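Trainee: Please take one part of this model and go over it closely. Start from the terms you need, then set that part against the rest of the chain.

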Amino acid sequence: MNVRIGKSDDFKKLDSIQKEVAKRLNDKGSKQWNYILDGVEEAVLASRIEQKEVIILEDKDEVIGLAYLYEEPIFWDESLWGDEKIEGVYYLHKVAINDAGKGKDYGNLFLKEIIDWVRIKEGKSIRLDCKADINYLNQFYPSAGFKFVTVRKSGYFKELYSDFNLYSYSISQ
């Protein structure tokens, strides 16, 4: 198992993984990542790779998953969490495991690797959010050690189209 920063030559594979996951979610009735299927996320992915904010999970040199990991909160984070940059706080987004890795505990392994990554970088905590009505994620994150912080109800700010649960992992745990 290896975790590394994504590079520009990883783009096609990473884009493909995001689209696999978006299709999987769509097939389950969730429209949350449908914009990825339309190619809207491609420019964001390329930018995040360039900014070295994409973490990749590999197994035997095969890319299994990716996640966005930011040291600077984006507008979405500032809106949900209600604060600006806090030194040592990382924001985790778009955790995605490819179809071949589904059901093989890669998600849990990936989160552990990301936690170790942030620990090595001397980070203090990791924050994430997920839709409140996605039960498996709201069971998965606490099982990986993330603590529920609060729920932001739809309408909390104008872009919030659903209720979102906020989770945090304290590196000193």
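Mentor: One definition first. A residue is buried under 20% relative accessible area, exposed over 50%, and partly exposed in between. Keep in mind that this is a predicted model.

Try the cut-offs on Ile-5. Its relative accessible area is 25%, so Ile-5 is partly exposed. Ile-5 sits in strand β1, which covers residues 2–5. Leave aside the neighbours within four places in sequence, and Ile-5 is in contact with Lys-52, Val-54, Ile-55 and Trp-117. Take Val-54 from that list. It is 49 residues from Ile-5 in sequence, yet their C-alpha atoms are 5.8 Å apart.

Now the part I want to look at: helix α5, residues 106–120. Where does α5 come in the order of elements? From the N terminus on, the elements run β-α-α-α-β-β-α-β-α-β-α-β-β. The chain has six helices and seven strands. In that order, α5 follows β4 and precedes β5.

Check the length of α5. It has 15 residues, and at 1.5 Å a residue they should span 21 Å. The end C-alpha atoms are 21 Å apart, so the expected span and the model agree.

Which residues of α5 are buried? They are Tyr-106, Gly-107, Asn-108, Phe-110, Leu-111, Ile-114, Ile-115 and Val-118. What do these buried residues pack against? Their partners are β2 (54–59), β3 (62–70), β4 (89–97), β5 (125–131), α6 (135–143) and β7 (164–170).

Follow one of those partners, strand β3. Leu-66 lies in β3. Its relative accessibility is 0%, so Leu-66 counts as buried. The contacts of Leu-66, beyond its neighbours within four places in sequence, include Phe-110. Phe-110 is among the buried residues of α5. The contacts of Leu-66 also include Leu-14, Ile-17, Gln-18 and Leu-45. Val-54, Ile-55 and Ile-56 are on the list too, as are Lys-94, Val-95 and Ala-96. Compare Leu-66 with Tyr-106 of the helix. The two are 40 residues apart along the chain, and their C-alpha atoms are separated by 11 Å.

Lys-94 deserves a stop. It is in strand β4, one of the elements that the buried residues of α5 pack against. Is Lys-94 buried or exposed? At a relative accessible area of 18%, it falls under the 20% cut-off and is therefore buried. Its backbone stands out as well. Most residues other than glycine have a negative phi. Phi of Lys-94 is near 55°, a positive value.

Next, the approach to the helix. Ala-100 lies in the loop between β4 and α5. Ala-100 is partly exposed, with a relative accessible area of 47%. From Ala-100 to Trp-117 is 17 residues along the chain, and their C-alpha atoms are 24 Å apart. Trp-117 also appeared among the contacts of Ile-5.

Then the exit. Glu-122 lies in the loop between α5 and β5. It comes just after α5 and has a positive phi of about 65°. Is Glu-122 buried or exposed? At 68% relative accessibility, Glu-122 counts as exposed. So Lys-94 and Glu-122 both have a positive phi, but Lys-94 is buried and Glu-122 is exposed.

One more loop, for contrast. Gly-82 is in the loop between α4 (75–81) and β4. Gly-82 is exposed, at 57% relative accessible area. The C-alpha atoms of Gly-82 and Asn-135 are 25 Å apart, with the two positions 53 residues apart in sequence numbering.

Finally, the whole chain. A compact globule of 173 residues would have a radius of gyration near 16 Å, and the 15 Å of this chain agrees with that. The C-alpha trace spans about 40 × 40 × 30 Å along its principal axes. Buried residues make up 50% of the chain. Of the contacts with a separation of 6 or more, 65% join residues 24 or more positions apart. The contact between Leu-66 and Phe-110 is one that links strand β3 to helix α5. The accessible surface is about 9100 Å², and carbon and sulfur atoms hold 49% of it. As for charge, the chain has 26 positive and 30 negative charges, whose mean positions are 4 Å apart.

How values were computed. Residues numbered from 1 in each chain as written. Predicted model: local features only at pLDDT ≥ 70, side-chain atom pairs only at ≥ 80, totals over all residues. Heavy atoms only, no water. Helix = DSSP H or I, 4+ residues; strand = E, 2+ residues; numbered from the N terminus. Rg over C-alpha atoms; globule rule 2.2 N^0.38 Å. Buried < 20%, exposed > 50% of the residue type's maximum accessible area, 1.4 Å probe, protein only. Contact = heavy atoms within 4.5 Å. Areas by Shrake-Rupley, 256 points an atom, 1.4 Å probe, with all protein chains shown as cover. Lys, Arg positive; Asp, Glu negative; His and termini not counted. Charge placed at Lys NZ, Arg CZ, Asp CG, Glu CD. Expected span 1.5 Å × (residues − 1).
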